[in-house]
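Let's take a walk through this structure together, beginning inside and working back out to the whole fold. Have the 3D view ready to turn as you read.

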Amino acid sequence: MRARAYKGLLAAIVAASAMSLPVGSAASASTEPDPAALSKSVKAPSVKRHLEKLQQIADANGGTRASGTPGHEASVAYVAGRLRAAGYNVTLQEFEFPFFRVIGKPVLNRVTPDAKAYASGTDFRPMTYSGSGNVTADVQAVDLVLPPTPAPSSTSGCEAADFAGFVPGNIALLQRGTCNFQVKAELAQAAGASGVIIFNEGQPGEGANDRRGLLTGTLGEPTTHIPVVGAAFAVGNELAASGTRVTLTVNAESDLHRKTRNVLAESRWGDPNKVVMLGGHLDSVAEGPGINDNGSGSAGVLETALKANLLPTRNRLRFAFWGAEELGLLGSQHYVASLSPEEKAKIKLYLNFDMIASPNFIYGIYDGDDSDHTGSPAGPPGSDKIEKLFEAYFTAVGQPYKGTDFTGRSDYGPFIAAGIPAGGLFTGAEGLKTPEEAATFGGEAGVAYDKCYHRACDTIANINDRALAVNTGAIATAAFVYAYSPVLPGGTATAAPVSNQRRSGDLQAQDEDHAGVAR
């Protein structure tokens, strides 16, 4: 893009986001940036090369980059090495976490009334921190609501009284709703269940509001010793039939004291009391290399950092590559919890980039002002301005966009809870693209935004190059605008009021792991 054209684009973005920003040349005596140079330097092919390196790392380490494995340590070394070479102050923040992985292929097979094998990763999936076991037993439904009500209403397995009359040794069939998965699993185990199947509740909807697809989630910690899996509504509906008997097998490894690391890189330029922070999680799930989830966001942030290292910015840039996000945002939670009130107050905004190149993508912008009136409330004051900046970018480059909810299921969550303005981009996970979205963004309606979400096929072949390029431009633009702006969205960070924090029940991290489009 020519410099004059880019300056016009930037001016439109700045005006639309109600910010003041000079757009002169860095060659002058002032510290004003050259927007054309920055725009041209952060290129999607360079981001793609980072993704190719992450794929190579996964290939050399058993096909995974999960925290607590050699693949993640190699990913940390690569990112930290590139940032150090670029002149950043790099910190590797170590923390302990409860490690989990599934070994081998899980099994869910119906034995009676008719034999049927369900597909792991499509029909069912072990919950994070599931116990191990190989059991064949009768299925016993527990307080199910079938057919489902139009609005979510199930309380299945949320009270000990739900298990009155439960036959010890049976496999408990539970329905999503009201309480978190850990509560359901622990109560089932206490009642003598030999295994647990928790299936989606069944209501149709858009993105995260669709409760029909595969239910994935975490138990929060390894407190159960029996196999616990999530399943799609259709699977649970079939298994609820009288006389059903199944074989359920999960071989899982848990380690309460595994160590992993966050990578934190800080520029040597800018006001240290006005920190502009960008990040994404570097870890994958144990089942695959995680090149879209979230190599894509990490690579976009990394390349932006590498090209911004020499910019004499007004504000301080800080870049984060989180560990153990896939086990419950553990890296970002540890980081925010470790900050003093004074250090939190210095962070004026946090931008999160998690899955920016889904193959059946949408261009999702986190709904900072809750203008969509869906799910969680607005982010802390200033989050609305971040949303407007991204909207202005997509408008300026002629691309459609839509809001995506702050569900608390990615690394913006701990920052929002601390009262720090947040925003970012997301192109969709396992939720199904609607016909309206297909008409707007292209792609296939009724198909997952990312069919390889949390699977071994999330490889370099799973990247949509168009989405990667458009979102890379958005990351660079946001970094540049906020690096030089004299006015930033965030004032003094204080703990978010209850209305701004993640809502209880089904939006708890323990209840769902990035369900639907709202990550």
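## Inside the largest cavity

The lining of the largest cavity is a mixture: 7 of its residues are nonpolar, 4 are polar and 6 are charged. Please keep in mind as we go that this is a predicted model.

How is such a space found? Rolling a probe the size of a water molecule over the atoms shows where empty space is left. Searching the whole structure in this way turns up 4 cavities of 30 Å³ or more. The largest cavity has a volume of about 160 Å³. It is lined by 17 residues, and those closest to its centre are Phe100, Val285, Ala286, Glu287 and Leu327. If you would like to find the cavity in your viewer, these five names are a good place to start.

Which elements give two or more residues to this lining? They are strand S1, spanning 89-102, and strand S4, spanning 124-126. Strand S1 provides the largest share, with 3 residues.

Now let's step back to the whole protein. Its secondary structure consists of 13 helices and 16 strands. How much of the protein is buried? Of its 519 residues, 60% are buried, that is, under 20% relative accessible area.

The contacts add to this picture. Taking those between residues at least 6 apart in sequence, 80% join residues at least 24 apart.

Finally, we come to the outside. The protein has an accessible surface of about 18,200 Å², and carbon and sulfur atoms account for 53% of that area.

Key:
Residues numbered from 1 in each chain as written. Predicted model: local features only at pLDDT ≥ 70, side-chain atom pairs only at ≥ 80, totals over all residues. Heavy atoms only, no water. Helix = DSSP H or I, 4+ residues; strand = E, 2+ residues; numbered from the N terminus. Buried < 20%, exposed > 50% of the residue type's maximum accessible area, 1.4 Å probe, protein only. Contact = heavy atoms within 4.5 Å. Areas by Shrake-Rupley, 256 points an atom, 1.4 Å probe, with all protein chains shown as cover. 1 Å grid on protein atoms, 1.4 Å probe; cavity = no way out; pocket = protein on both sides within 12 Å on 5 of 7 lines; lining within 4 Å. Points joined across faces, edges and corners; volume = space filled by probe spheres on them. Nonpolar A, V, L, I, M, F, W, Y, C, P; charged D, E, K, R; others polar.
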